[in-house]
Amino acid sequence: MQVVQAARHVPVLRDRITDLLAPALAAPGSVFVDCTLGLGGHTEALLTRCPEARAIGLDRDPQALAYAAERLAPFGDRVRFVEAVYDELPEVLTDLGTPQVQAVLADLGLSSLQIDRAERGFAYATDAPLDMRMDAQQPLTAAVVLNTYPPGDLVRILRGYGEERFADRIVRAIVSERDREPFDTSARLVETIAGAIPAAARHAGGGHPAKRTFQALRIEVNRELTALEGMLPAAIAALALGGRIAVLAYHSLEDRAVKQALRTASESRAPRGLPVVPPGMGPELQLLTRGAEKPSATEITENPRAASARLRAAVRIEEAR
């Protein structure tokens, strides 16, 4: 992919996210963090809309950072690029001498760069090595998980991270196949999964029969939910008064974690029954979205990958605890 192609990519809910975060970025010196920089589309839109703002772009994928750096080069030193997982946000902000920021964005899940590169092994529709690493320097791959994890751990992963109701059947088939020959490419895994699922369920609605297993493997390889659980409280804590946070999730496990974190921070911290809420005990955040907002039918038509996106946002209305 050349940078000109990256520049043509329109990120999910770009305009809505820009509208939500821009009010916090009007003052000179305002800083926002894009915790999942990817190809840089959201950051490009925010820097264009908010000429007084500066950005810190995080991504664990050095390839993505390189493409984003080219795309965002016109903004010069208004952007800082950091190779990091988003749960490392506190350390990044400390290292940069920026303990508080005016906005935080996290676009969870896979970037187009990762999906479109067949050799990365994320897509079940293309035969490719079973890699699935967002950071190619880490040792754990999907092949390692499939070929070395005990059956019980594989069942746990498929159930917990993929919400796969046929986890037991799929794992039995995987173990039988790996005993015959280790897995190394996705086509054989897809065939094994399809053969393990009853025909009626395999052809029922809900997408490709391998979708949930691939999701579960990807989450395990990249410890995505663990990182998300660490990032959310850190991002909320980093917000200055009036600061805003927006998070895009793409499956129920992510969205559930985001919903819980924002809802908890938007509730009173005072004991129930008090006639007056003491200073410093009120909600930290006020929700900016009613439930989870979804892309329009037009956007989904133009970008089918946006179909599962769910957006939640909030603003800090009281100082951090």
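The accessible surface of the protein comes to about 14700 Å², and 52% of that surface belongs to carbon and sulfur atoms. Such areas come from the Shrake-Rupley method with a 1.4 Å probe, and for residues only the protein chains shown count as cover. The model is predicted: local features need pLDDT of at least 70, side-chain atom pairs count only at pLDDT 80 or more, and totals for chains, interfaces and linings use all residues. Residues are numbered from 1 along each chain as its sequence is written, and side-chain values use heavy atoms, with hydrogens and water left out.

Of the 321 residues of the protein, 52% count as buried. Buried means under 20% relative accessible area, exposed means over 50%, and partly exposed lies in between (1.4 Å probe, protein chains only). The protein has 15 helices and seven strands. Both kinds of element are DSSP runs numbered from the N terminus: helices are H or I with at least four residues, and strands are E with at least two. Contact means heavy atoms within 4.5 Å. Among contacts between residues at least 6 apart in sequence, 71% join residues at least 24 apart.

The strands can be followed from S4, residues 101-107. Six of the seven residues of S4 are buried. Two strands pair if DSSP finds at least two bridges between them. Strand S1 (residues 31-34) runs parallel to S4, and three bridges join them; Val-33 has Val-104 in S4 as its bridge partner. Strand S5 (residues 239-249) also runs parallel to S4, joined by six bridges. Val-101 has Leu-239 in S5 as its bridge partner, and Asp-107 has Leu-248.

S5 is mostly covered too, with nine of its 11 residues buried. S5 pairs with strand S7 (residues 310-316) over six bridges, in the antiparallel sense. Leu-248 has Leu-311 in S7 as its bridge partner. Leu-248 is thus a residue to look for twice, as it is also the bridge partner of Asp-107.

Asp-107 lies in strand S4 and appears in a record as well. UniProt, in an unreviewed entry, places the feature "binding site" at Gly-40, Gly-41, His-42, Asp-59, Tyr-86, Asp-107 and Gln-114. UniProt positions are given in the numbering used here, feature names are shortened, and annotations may be inferred rather than shown by experiment. Asp-107 counts as buried because its relative accessible area is 18%. Leaving out residues up to four places away in sequence, Asp-107 touches Thr-36, His-42, Leu-248 and Tyr-250. Gly-41, another position in the UniProt list, lies in helix H3 (residues 41-49). Gly-41 is buried, with a relative accessible area of 7%. With residues up to four places away again not counted, Gly-41 touches Pro-11 and Arg-71.

Pro-11 also helps to line the second largest pocket, together with Val-10, Leu-13, Arg-14, Asp-15, Arg-16, Glu-299, Glu-302 and Asn-303. Helix H2 (14-21) and helix H15 (297-302) are the elements that give two or more residues to this lining. The largest share, three residues, comes from H2. The volume of the pocket is about 190 Å³. On a 1 Å grid over the protein atoms alone, a pocket is an open set of points with protein on both sides within 12 Å along at least five of seven lines, and lining residues have an atom within 4 Å of a point. Grid points are joined across faces, edges and corners, and a volume is the space filled by probe spheres set on the points.

One of the lining residues, Leu-13, lies in the loop between helix H1 (3-8) and H2. Leu-13 counts as buried because its relative accessibility is 9%. Most residues other than glycine have a negative phi. Leu-13, however, has a positive phi, near 50°. Arg-223 is not a glycine either, and its phi is positive at about 45°. Arg-223 sits in the loop between helix H12 (211-222) and helix H13 (224-238), and is partly exposed, with a relative accessible area of 37%.

Where does Val-258 lie? Val-258 is in helix H14 (residues 252-265), and is buried, with a relative accessible area of 1%. Leaving aside neighbours within four places in sequence, Val-258 is in contact with Leu-108, Leu-232, Val-247 and Arg-312. Val-258 and Pro-233 are 25 residues apart in sequence, and their C-alpha atoms are 9.9 Å apart in space.

Key:
On a 1 Å grid over the protein atoms alone, a cavity is a set of points where a 1.4 Å probe fits but cannot get out, and a pocket is an open set with protein on both sides within 12 Å along at least five of seven lines; lining residues have an atom within 4 Å of a point.
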